Amino acid sequence: MPRSVPDSARILQVGPLKPSLTETLRTKYDALVLPADPAERAGFLTTHGAHVTAVVTSGRTGVDATLMSALPALGAVVNFGVGYDTTDVDAAAAAGVGVSNTPDVLTDCVADTAVGLMIDALRRFTDADRYLRAGRWPVDGNYPLTRQVSNSRVGIIGMGRIGGAIAKRLSAFGCTISYHNRHRVADSPYRYAGSPVELARDVDVLVVAAAGGSGTRRLIDADVLEALGPQGYLINIARGSVVDEDALVAALGAGRLAGAGLDVFVDEPNVPVELLRMDNVVLLPHVGSGTVETRAAMEALTLRNLDEFLATGQLVTPVLQPAARV
Ligand code: 8YV
C-alpha cells in the first residue's frame with residue numbers, strides 16, 4: 001500500500017541503541033525517542049505517531065504490530081542487527097513498511113564467538129580458570145581431562161552466512177561438518193541431514209545458527225537433545241527461542257547432555273538460575289557481534305539504510321523493501 005510522507009516527517013528511536021548511534025540520531029536527524037514507560041508512551045504516540053516515517057531499532061526491541069499501527073506514516077523499520085525477529089515482518093508487509101537489517105558485517109565475529117564457545121565448552125577453559133583462581137591447583141592437583149575439539153563431528157543448524165562461516169572455521173580444525181537447514185544448500189560440501197534429530201544423533205557438537213522467529217521456535221526440543229546424547233554439546237549463538245530452554249536445563253541437570261555454550265537466552269537478560277550453578281556450561285551475555293570493529297560497521301550500515309530510505313524510499317540491505325510512496 002503506498003504511503004504519503006507528512007511534511008513534518010520524523011525519525012523515531014525505539015529501544016536502547018549503541019550510545020554513539022543514539023547521539024547521531026539525536027544530533028544529526030533530530031530523532032524522537034519512544035518512551036519506555038507505557039503510560040508516557042500512549043501520550044507520546046498521540047502527539048507524534050502520525051509524523052514518524054522511519055524507526056531505528058535493534059533486534060533487542062523491534063517494532064510489533066501494535067506499535068506499527070500507531071505509526072500510520074511509517075515507511076521503514078531500520079534494524080541494528082542481523083536478527084529482526086522482534087519486528088513483525090508480516091504486519092510490515094501488509095502495511096507496505098520496509099525492514100532492513102545488518103547482514104554480512106557481523107558474520108565473522110558471530111562465527112568467532114561460536115567457535116570460542118565450542119572450544120570453551122569442550123575444553124572447559126572458563127571452568128579451569130575458576131579452578132586455578134580458587135587456589136585448587138596446588139591443593140587438588142591437575143584439572144580433570146576434557147574433550148578434544150579438533151577432528152570432532154559438528155552439526156550446524158542453519159547454513160546461512162553465519163552457519164557457513166562457522167563451518168569454514170571448524171573445517172580448518174579438521175572437524176567433520178554436517179548441517180540441517182530449511183532447504184538443502186546447493187553445492188554445499190557438507191552433509192545434509194533432513195531433520196534436527198537426524199543431524200543431532202550423528203554429531204558430538206550441535207551448533208545453532210538459525211534465524212529466530214516463529215518458524216524456528218523450539219526447533220531444538222527434548223527429542224533433539226536426547227539424540228545429541230550424554231556425550232553431546234550444544235552451542236547457541238542464534239536466538240534463545242530456537243531452543244526449548246526448559247528441556248535444555250533438564251537435560252543438562254540430569255547428565256543427559258555433556259555441556260553447553262550459550263550466548264543467547266529466551267528471556268534476556270534473565271538466565272535460568274539452574275544454568276548459573278552448572279560448571280559444564282559456558283554462559284555469555286549476548287556478545288556475539290560485540291567488538292568495536294563490528295559494532296561500528298553495524299552502526300554505519302544502519303545509517304546507510306536510514307539515509308537511503310530518506311533519499312530514495314528504498315533500503316540498502318532490505319529484508320523487505322518499502323512500498324512506493326505517493
Ligand atoms: C546484536 C544480534 O547484539 O545481530 C543480531 O541479530 O543478535 C546482535 O548482533 C543485537 O541485534 C543488538 O541488539
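**View 1. Gly83 meets the ligand through its backbone.** In this predicted model, a polar backbone atom of Gly83 sits 2.8 Å from a ligand oxygen atom. With this ligand in place, the protein buries 88% of the 320 Å² that the ligand exposes when taken alone.

**View 2. Arg239 and His286 reach the ligand with their side chains.** For Arg239, a polar side-chain atom is 2.8 Å from an oxygen atom of the ligand. For His286, an N or O atom of the side chain lies 2.7 Å from a ligand oxygen atom.

**View 3. The shell around the ligand counts 13 residues.** Val82, Gly83, Arg239, His286 and Ser289 are the closest of them. By class, six residues of the shell are polar, four are nonpolar and three are charged.

**View 4. Two cysteines, Cys109 and Cys175, in a structure with zero disulfides.** Are these cysteines buried or exposed? Cys109 has 13% relative accessibility, so this residue counts as buried, the cut-off being under 20%. Cys175 has 8% relative accessibility and therefore also counts as buried. No disulfide is present in the structure.

**View 5. The annotated domain spans residues 51–319.** The name comes from UniProt, in an unreviewed entry: "D-isomer specific 2-hydroxyacid dehydrogenase catalytic". Over residues 51–319, helix makes up 37% of the chain and strand 16%. The C-alpha atoms at the two ends of this stretch are 24 Å apart.

Note on methods
Residues numbered from 1 in each chain as written. Predicted model: local features only at pLDDT ≥ 70, side-chain atom pairs only at ≥ 80, totals over all residues. Heavy atoms only, no water. Near = heavy atom within 4 Å. Polar contact = N/O pair within 3.5 Å; in protein donor to acceptor, adjacent residues only side chain to side chain. Areas by Shrake-Rupley, 256 points an atom, 1.4 Å probe, with all protein chains shown as cover. Nonpolar A, V, L, I, M, F, W, Y, C, P; charged D, E, K, R; others polar. Disulfide = S-S within 2.5 Å. Buried < 20%, exposed > 50% of the residue type's maximum accessible area, 1.4 Å probe, protein only. UniProt positions renumbered as here; feature names shortened; annotations may be inferred. Helix = DSSP H or I, 4+ residues; strand = E, 2+ residues; numbered from the N terminus.
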